[in-house]
Amino acid sequence: MRFVDEAVITVEAGDGGNGVASFRREKFVPFGGPDGGDGGRGGSVYIQADDDTSTLVDYRYTRKFRAERAKNGRGANCAGRGGEDTVLLVPIGTTIVDTESGDIIGDLIEDGQKLLVAKGGDGGLGNTHFKSSINRSPRQCTRGFKGEYREIRLELKVLADVGLLGMPNAGKSTFIRAVSAAKPKVADYPFTTMVPNLGVVDADRYRSFVMADIPGLIEGASEGAGLGIRFLKHLARTRILLHIVDVQPIDGSDPAYNAKAIYQELVKFSPTLSKLPIVLVLNKVDQLPEESRDEWCDHILEELDWKGPVFKTSGLMSEGTKEVVYYLMDQIEEQREREAEDPEYAAQMKAFRDQLEAETREQTIAAKEAYREMRRQQRLAGLLADDEDDDDEDDGGAEVFYVR
């Protein structure tokens with residue numbers, strides 16, 4: 001199944017049914033009076049989070065959704081039947097944004113959470129409502145109201161407590177395989193991971209958190225190099241970033257330089273995102289001679305001038321990974337408890353996350369526009385065939401697939 005994390009759709013609620021002007025006509029009832037029924041209420045459009053849905057691919061090609069129109073009223077005070085609601089299923093972590101105003105309509109973060117995005121029109125009134133002592137035979141009735149119409153953008157960001165960050169082949173996928181039941185693809189070439197992967201990490205029997213592995217970054221990603229910054233927005237909901245650094249890259253590059261380059265790309269994409277707590281993991285230490293392992297790691301830390309938490313691991317051998325898991329679990333629980341006990345801190349964190357959401361959304365949209373402009377210029381220059389990569393809704397990079 002193709003992984004799609006953004007889609008623009010239009011939703012239109014059903015119109016309300018019309019009221020009718022009708023009069024009671026029965027044998028032996030000479031003055032039956034008005035009995036026109038009201039029109040029904042039009043169907044509404046809802047969006048609901050669904051744990052069994054993992055991508056927005058259903059809204060990639062079908063983009064118009066409309067709820068059912070209500071039935072008109074009838075005589076004998078019969079109201080019209082209401083229109084059927086339309087419920088659209090989306091993955092957990094989907095944000096709904098009004099494209100015209102840019103306002104966030106809602107954020108679906110729990111399974112089964114439901115949001116009204118287009119309200120059905122009210123039904124019209126039958127002539128029964130207009131009878132009075134001076135108007136015994138009203139012939140007035142009203143038409144049903146139009147249903148709401150909206151163009152909305154669906155934005156999917158994975159829900160995770162910890163996000164993995166690093167160069168391609170730094171060992172992120174191997175690390176998440178070592179600490180969780182997730183089984184992302186692992187191979188000895190760059191960009192093995194093409195879509196975000198989630199894994200539930202069990203620290204103890206009743207203590208766990210969710211970890212997200214996103215495709216690797218390279219220097220120049222903010223200008224579109226590699227897979228660009230397409231998937232960085234998926235780190236916007238995390239509490240902690242785990243920066244995986246390969247201590248001995250296969251291309252012979254400097255690990256400290258690579259780590260600085262990744263951090264700079266993070267800052268360029270979102271200064272707010274770069275303010276999240278970062279834990280440094282020096283990975284693949286099993287490839288270093290044991291007698292010089294500490295010396296080489298200290299050299300990397302000195303080059304980085306790193307003062308934060310650091311761990312030395314081997315994802316392949318599961319060496320040092322348990323210590324990382326326990327540290328992350330303690331930090332996450334501490335944050336959760338502080339938010340629950342300190343309302344002021346909770347408000348500060350909410351404001352921080354709101355700012356982070358807005359910033360990543362703005363940067364992602366800007367990156368997409370820049371990518372589309374680049375493709376247009378390539379077509380104009382004859383560097384790209386008219387029928388090649390003609391899907392302007394893609395925000396750059398290769399076509400990717402997601403397998404549950």
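This report describes the sheets, nonpolar cores and aromatic contacts of a predicted model.

## Basis of the description

Local features are given where pLDDT is at least 70, side-chain atom pairs count only at pLDDT 80 or more, and totals for chains, interfaces and linings use all residues of this predicted model. Residues are numbered from 1 along each chain as its sequence is written, and side-chain values use heavy atoms, with hydrogens and water left out.

## The sheet of five strands

An open sheet of five strands, with mixed pairing, has the order β3-β1-β8-β5-β6; strands are DSSP runs of E with at least two residues, numbered from the N terminus, and two strands pair if DSSP finds at least two bridges between them. The edges are taken by β3 (64-66) and β6 (104-108), each with a single partner strand, so one side of each is left without a neighbour in the sheet. On average, and with direction ignored, neighbouring strands of this sheet are turned by 25 degrees against each other, where the axes are lines fitted to C-alpha atoms and angles run from 0 to 180 degrees between N-to-C directions.

Within this order, strand β5 (residues 94-98) pairs with β8 in the antiparallel sense over five bridges, and D98 has I152 in β8 as its bridge partner.

## The sheet of three strands

A further open sheet, of three strands and also with mixed pairing, follows the order β4-β2-β7. Its edge strands, β4 (86-90) and β7 (114-118), each pair on one side only, and neighbouring strands are turned by 30 degrees against each other on average, direction ignored. Strand β2 (residues 45-49) pairs with β4 in the parallel sense over five bridges, with Q48 standing opposite L89 in β4.

## Strand β11 and its partners

Five of the seven residues of strand β11 (residues 207-213) are buried (under 20% relative accessible area with a 1.4 Å probe, protein chains only), so this strand is largely enclosed by the rest of the structure. Strand β10 (residues 197-204) runs antiparallel to β11 and is joined to it by seven bridges, with V200 and V210 as bridge partners; these two strands form a hairpin with two residues between them. Strand β9 (residues 162-166) pairs with β11 in the parallel sense over three bridges, and there the bridge partner of G163 is A212.

## Nonpolar cores

A nonpolar core is a set of buried Ala, Val, Leu, Ile, Met, Phe, Trp, Tyr and Cys residues joined through side-chain atoms within 4.5 Å. The largest has 23 residues, of which I9, V11, I47, Y59, L88, I96 and L154 touch the most other members; the elements giving two or more residues to this core are β1 (6-12), β2, β4, β7 and β8 (149-156). A second, separate core of 21 residues includes I176, A203, L242 and I332.

Leaving aside neighbours within four places in sequence, L88 is in contact (heavy atoms within 4.5 Å) with I9, V11, V45, Y46, I47, Q48, Y59 and F65.

## Aromatic rings and charges

Two aromatic pairs are found in a search of the whole structure. In one of these, Y59 and F65 meet edge-to-face, at 5.5 Å centre to centre and with 65 degrees between the planes; rings of Phe, Tyr and Trp (its six-membered ring) pair if their centres lie within 6.5 Å, and planes under 30 degrees apart count as stacked, over 60 as edge-to-face and the rest as tilted. Both Y59 and F65 are buried.

Two arginines lie over tyrosine faces: R60 over Y61, at 5.7 Å from the ring centre, and R338 over Y345, at 3.9 Å from the ring centre. The criterion requires NZ of Lys or CZ of Arg within 6 Å of the ring centre and within 35 degrees of the ring normal.

Technical notes:
Buried < 20%, exposed > 50% of the residue type's maximum accessible area, 1.4 Å probe, protein only. Helix = DSSP H or I, 4+ residues; strand = E, 2+ residues; numbered from the N terminus.
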